[in-house]
Number of protein chains: 2
Amino acid sequence: MSQGQSNAVEFYFDFSSPYGYLAAQEIDDLAESHGRKVIWRPILLGPIFKQTGSKPLLDIPLKGEYTHRDIARTARRIGVPFRLPKPFPFSAVGASRIFYWLVDQDEEAACAYAKVLFREAFEEGRDISHPAVVSEVALRLGYMPTEVESALNNPELKERLRHEVDIAITRKVFGSPFFFVNGEPFWGNDRLVDVDLWLQRGGW
Amino acid sequence: MSQGQSNAVEFYFDFSSPYGYLAAQEIDDLAESHGRKVIWRPILLGPIFKQTGSKPLLDIPLKGEYTHRDIARTARRIGVPFRLPKPFPFSAVGASRIFYWLVDQDEEAACAYAKVLFREAFEEGRDISHPAVVSEVALRLGYMPTEVESALNNPELKERLRHEVDIAITRKVFGSPFFFVNGEPFWGNDRLVDVDLWLQRGGW
């Protein structure tokens, strides 16, 4: 971790998480209002849910139906569009590998890519599990499709993503979004209020 | 439902739910600030979790540990004491039956009883699944122990509680606390912010 990031807000998310998408719309501005940067860290909830015995929220009887309503309502409250892509849920493996490929070259570019990709999925309803969609987004940001394609299958990036998921599990991340503020864990889009307060007061 | 309650905030909770306890500290004042009353409705999450295949939060790997931390942190934020009673989880059957016994006599007295009982459990750490504790609280509020004891075993009150849980399931209540504002469902202590906004704006 480079100097100046040690007090950054850490933002773990799964690219296939609607609440992750919603948090992604707010976290940078929120952190910036306290003079903090955000470290974006895409992970995969699949391997984590195996450990916790959880299922995706939208698949749980009663809770799933409510969650659909709550996501749409939260999107309206914060004034962003929302659409559930088809298919859903989808795999975020490719999207996440490309993020880690980019982040080692240029962290800001990686975050810009993450934001665009989230919008493609949850505003446009596109299937970002598809390599062609990921490539197109990277192309729009100035990367070559051939580079992106080779990154998608790069064994080092596969390993890198696996490693990041392992770190998240070690840190007891079990959902998306998940934040750390000076080591303090916060789970869920609805905890942004607490993240804000924690940054303001330095804890309580 | 009596006149004047038709626009009341409905508050479903389980007496053994820590987040229910936290919401109980805030919901009356919140509703009152919008000129609304609150209808308190204790339920049992056990039969509901059977339908959703859920487990109590505190029993889930990783999530349980975080939840302990989050409950204590939320209690500190809103400035109320918190202690996890032993044993935990505990049965809220007796506590809930007495609530419904009281509510038909005097709704305000029933809410006062609910608040005291929640405090006995989550401030004093007492075992409110024990009939003697429930009786003692009712006694303090002016009821006779013999009346309370007979209410605890009254078949009509058993049926009444079962009926309230069935209604909750029909209304797709799947957790505690759970609120309805003009029919709009909100789940979780953290949705009090949304309940407040919804009351203010009449929806969005």
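The exercises below, each followed by a worked solution, concern a predicted model with chains A and B.

**Exercise 1. The interface**

Task: Describe the contact between chain B and chain A, stating how many residues of each chain take part and what area is buried.

Solution: Begin with the contact count, in which 29 residues of chain B are in contact with 29 residues of chain A. Next take the area buried between the two chains, which is about 3,100 Å², with carbon and sulfur atoms giving 55% of that area. Then ask which residues of chain B contribute to it: B:Leu62, B:Tyr66 and B:Arg73 supply 21% of the area that chain B buries against chain A, more than any other three residues.

Continue with the polar side of the interface, where 20 residue pairs are in polar contact between chain B and chain A, both partners being at pLDDT 80 or more. The elements of chain B that each supply at least two residues to the side touching chain A are α3 (45-52), α4, β4 (184-187) and α10. Of these, α4(B) gives the largest share, eight residues. Finally, sort the residues on this side of chain B by class, which yields 14 nonpolar, three polar and twelve charged.

**Exercise 2. Salt bridges between the chains**

Task: State how many salt bridges cross the interface of chain B and chain A, and locate the partners of the one formed by A:Lys172 and B:Glu65.

Solution: Over all chains the structure holds 38 salt bridges, and twelve are found across the interface of chain B and chain A. In the pair named in the task, the side chains of A:Lys172 and B:Glu65 have an N to O distance of 2.9 Å, which satisfies the 4 Å cut-off for a salt bridge. This pair runs from the loop between α9 (155-170) and β3 (178-181) of chain A, where A:Lys172 lies, to helix α4 of chain B, which holds B:Glu65. A further example is the salt bridge between the side chains of A:Asp194 and B:Arg77, at 2.8 Å from N to O.

**Exercise 3. The second largest pocket**

Task: Give the volume of the second largest pocket and determine which helices each supply at least two residues of its lining.

Solution: The volume is about 450 Å³. The pocket is lined by 24 residues, and those closest to its centre are A:Asp190, A:Val193, B:Asp190, B:Val193 and B:Asp194. Turning to the helices, α4 (63-78) and α10 (192-201) of chain A and α4 (63-78) and α10 (192-201) of chain B each supply at least two lining residues, while the largest share, four residues, comes from α10(B). Sorted by class, the lining has eight nonpolar, five polar and eleven charged residues.

**Exercise 4. Backbone geometry in chain A**

Task: Identify the cis peptide bonds from A:Lys86 to A:Pro87 and from A:Phe88 to A:Pro89 by their omega values, and examine phi of A:Lys172.

Solution: As a reference, most residues other than glycine have a negative phi, and most peptide bonds are trans. Against this, the peptide bond from A:Lys86 to A:Pro87 is cis, with omega near 0°, and the one joining A:Phe88 and A:Pro89 is also cis, with omega about -5°. A:Pro87 is found in the loop between α4 and α5 (93-103) of chain A, and A:Pro89 lies in the loop between α4 and α5 of chain A. As for A:Lys172, phi is near 65°, a positive value in a residue other than glycine, and this residue lies in the loop between α9 and β3 of chain A.

Methods: Residues are numbered from 1 along each chain as its sequence is written. Chains are lettered from A and ligands numbered from 1 in the order in which they are written. This is a predicted model: local features need pLDDT of at least 70, side-chain atom pairs count only at pLDDT 80 or more; totals for chains, interfaces and linings use all residues. Side-chain values use heavy atoms; hydrogens and water are left out. On a 1 Å grid over the protein atoms alone, a cavity is a set of points where a 1.4 Å probe fits but cannot get out, and a pocket is an open set with protein on both sides within 12 Å along at least five of seven lines; lining residues have an atom within 4 Å of a point. Grid points are joined across faces, edges and corners, and a volume is the space filled by probe spheres set on the points. Ala, Val, Leu, Ile, Met, Phe, Trp, Tyr, Cys and Pro count as nonpolar, Asp, Glu, Lys and Arg as charged, and the others, Gly among them, as polar. Contact means heavy atoms within 4.5 Å. Buried area is the accessible area (1.4 Å probe) that two parts lose on being put together, summed over both. A polar contact is a pair of N or O atoms within 3.5 Å; within protein, one must be able to donate a hydrogen and the other to accept it, and residues adjacent in sequence count only if both atoms are side-chain atoms.
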